[in-house]
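Here are a few exercises to work through with the model open beside you. Try each task on your own, then go through the solution step by step.

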Amino acid sequence: MQAARRYFKSFASGFVVAVPVTVTFLDYVGYVARVEGASMQPFLNPEDRSFNDVVLLNRWSVRNFKVNRGDVVSLASPRDPEQRIIKRVIGLEGDTVKHTFQMPGTRTYKNRYVRVPSGHCWVEGDNFGHSLDSNFFGPVSVGLVHARASHILWPPQRWQRIEPSLPTDRGPLDQETIDHLEEQGAVTIPKT
Amino acid sequence: MGDGDRYGCPIATLQSDIRMFSGGEQPCGRLLPWSAMLCNRYGYQIATLQSDIRMFWRTAGSRVEGCCRDRYGCQIATLQSDIRMFSGGLRAAVWKAAAVVGYAVQYGCIAHCTLEYAADFIVCSGPSMEPTIHTQDVLITEKFSVMMKTVNVGDVVIARSPTNPNIFICKRVAGLEGDKVCLNPGSFIKKYRWVPRGHVWLVGDNMGNSSDSRVYGPVPYALLRSKVVFKVWPPGDSGSLRGPPQEMLQVLRTMKDTGR
């Protein structure tokens, strides 16, 4: 009996220490998550694999919400606050991006070019046509970004550090093109 | 042997310790605070323990396992580390510092978890919620409503600003997803808008001087952080928050229906 009481006491005191420390660690430093879905193929969850990638999500690097173009980030979905989606950042505030129409009934802007408002970013999945991203719901507020995917941890053959890189055909437009488009009135500036 | 690793000293020591302590225990006299704490735990003066442990570190003997634990109520390693901590010297200072850092980390984490998942203090600035909330007012906010999705129309919430993620805004919820809100209640020709899925419509009480959803559109629900429940400062105006002002009742039809 004595031993049992002592055991439970030490368990409880350990629990009171471990839970807040672990939760704080997960909030400030980062955690590990499995990627579901095909929206980031071929970069994450490539088709030739039977199991999903596991990535290391770094919370520390987004504590000030400084994201870079080309980063792979995990963010809360604007359509469903409980769902986390993982996408690549294509444009930051102030950039002008080309809106690629993918699915019927998407949010249709008057023009194909969108200026990303302040405090927002444009995210896209690498898998064109199979991704619910800014092409569907428009620029997302940077406050929704939860973590940056820094490494692929599993499977071991795919262990790598994730470097920020923009796909060759996606990215913000250069100033010359923007000026030209603005002259034509072809850039949508969302109300913000 | 295995037991030596567990207790941090040769198991032979344990038996000798017990033999030594079984006779002639000294009562706890007037001791220094640290030593008194240790004495209360083990029933011996710290000096006795120190000298005994030192004396018997080299003795040989056979296993006695549980005896030491029953006598002191803990393992011999705990005893030794306590002695290290409570006696003087540089090593003790390092141990004490480590203990302090350990406690600081532990309580810091508990504080973080409380402020992040339970309740929080907020100091407001800005005129957008007058007369309900003024600058330098201190509010208590709770996170459960936001986490459990029980936020209602008419609640005052704190959210991350959609236009600048590093600042927070304090507004009243005028519409939830699926509601129809009026963009210009005062005008003759009213414009309406549906609040999309996963979003809320925020409006400041001071409707003439507030940059809110009428400016930056519906706010994603995931940006909401906490719900304001109480105002604690200034004391003259503290207590639960007032209800929404008259003009805001026209922003959302259902607000009128529920009589808020």
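**Exercise 1. Find how many salt bridges there are over all chains, then see which parts Asp71(A) and Arg148(A) tie together.**

Step 1. Start with the rule: a salt bridge is a side-chain nitrogen of Lys or Arg within 4 Å of a carboxyl oxygen of Asp or Glu. Over all chains, that gives 15 salt bridges.

Step 2. Asp71(A) and Arg148(A) form one with their side chains, at 3.9 Å from N to O. Asp71(A) sits in the loop between strand E2 (54-58) and strand E3 (72-76) of chain A, while Arg148(A) is in strand E9 (residues 145-154) of chain A, so the bridge ties together parts 77 residues apart in sequence. Helices (H or I, at least four residues) and strands (E, at least two) are DSSP runs, numbered from the N terminus.

Step 3. Both Asp71(A) and Arg148(A) are buried. Here buried means under 20% relative accessible area, exposed means over 50%, and partly exposed is in between (1.4 Å probe, protein chains only).

Before you go on, a word on the ground rules: this is a predicted model, where local features need pLDDT of at least 70 and side-chain atom pairs count only at pLDDT 80 or more, while totals for chains, interfaces and linings use all residues. Residues are numbered from 1 along each chain as its sequence is written, chains are lettered from A and ligands numbered from 1 in the order in which they are written, and side-chain values use heavy atoms, with hydrogens and water left out.

**Exercise 2. Work out whether Arg88(A) and Asp126(A) are buried or partly exposed, and do the same for Arg115(A) and Glu182(A).**

Step 1. Look at the side chains of Arg88(A) and Asp126(A), which meet in a salt bridge at 2.9 Å, N to O. This pair links distant parts of the chain, 38 residues apart: Arg88(A) belongs to strand E4 (residues 84-91) of chain A, and Asp126(A) to the loop between strand E7 (120-124) and helix H2 (134-137) of chain A.

Step 2. Arg88(A) has 3% relative accessibility, so it's buried. Asp126(A) comes in at 23%, so it counts as partly exposed.

Step 3. Now take the salt bridge between the side chains of Arg115(A) and Glu182(A), at 2.4 Å from N to O. Arg115(A) is in strand E6 (residues 113-115) of chain A and Glu182(A) in helix H3 (residues 175-183) of chain A, so this bridge ties together parts 67 residues apart in sequence.

Step 4. With a relative accessible area of 19%, Arg115(A) is buried. Glu182(A), at 36%, is partly exposed.

**Exercise 3. Describe the surroundings of Thr141(B).**

Step 1. Place the residue: Thr141(B) is in strand E2 (residues 138-142) of chain B. Its relative accessible area is 0%, so Thr141(B) is buried.

Step 2. List contacts, meaning heavy atoms within 4.5 Å. Leaving out residues up to four places away in sequence, Thr141(B) touches several residues, among them Ala118(B), Asp120(B), Ile158(B) and Val229(B).

Step 3. Ser226(B) is also touched, and its side chain makes a polar contact with that of Thr141(B) at 3.1 Å. A polar contact is a pair of N or O atoms within 3.5 Å; within protein, one must be able to donate a hydrogen and the other to accept it, and residues adjacent in sequence count only if both atoms are side-chain atoms.

**Exercise 4. Say how chain A and chain B meet.**

Step 1. Count residues: 25 of chain A are in contact with 27 of chain B.

Step 2. Get the area. The size of an interface is often given as the accessible area lost when the parts come together. Here the buried area (accessible area, 1.4 Å probe, that two parts lose on being put together, summed over both) is about 2200 Å², with carbon and sulfur atoms giving 60%.

Step 3. Look for links. Between chain A and chain B there is one salt bridge: Lys149(B) pairs with Glu82(A), their closest N and O atoms 3.6 Å apart. Across the interface, seven residue pairs are in polar contact (both at pLDDT 80 or more).

Step 4. On the side of chain A that touches chain B, helix H1 (residues 2-28) of chain A gives the most, with nine residues.
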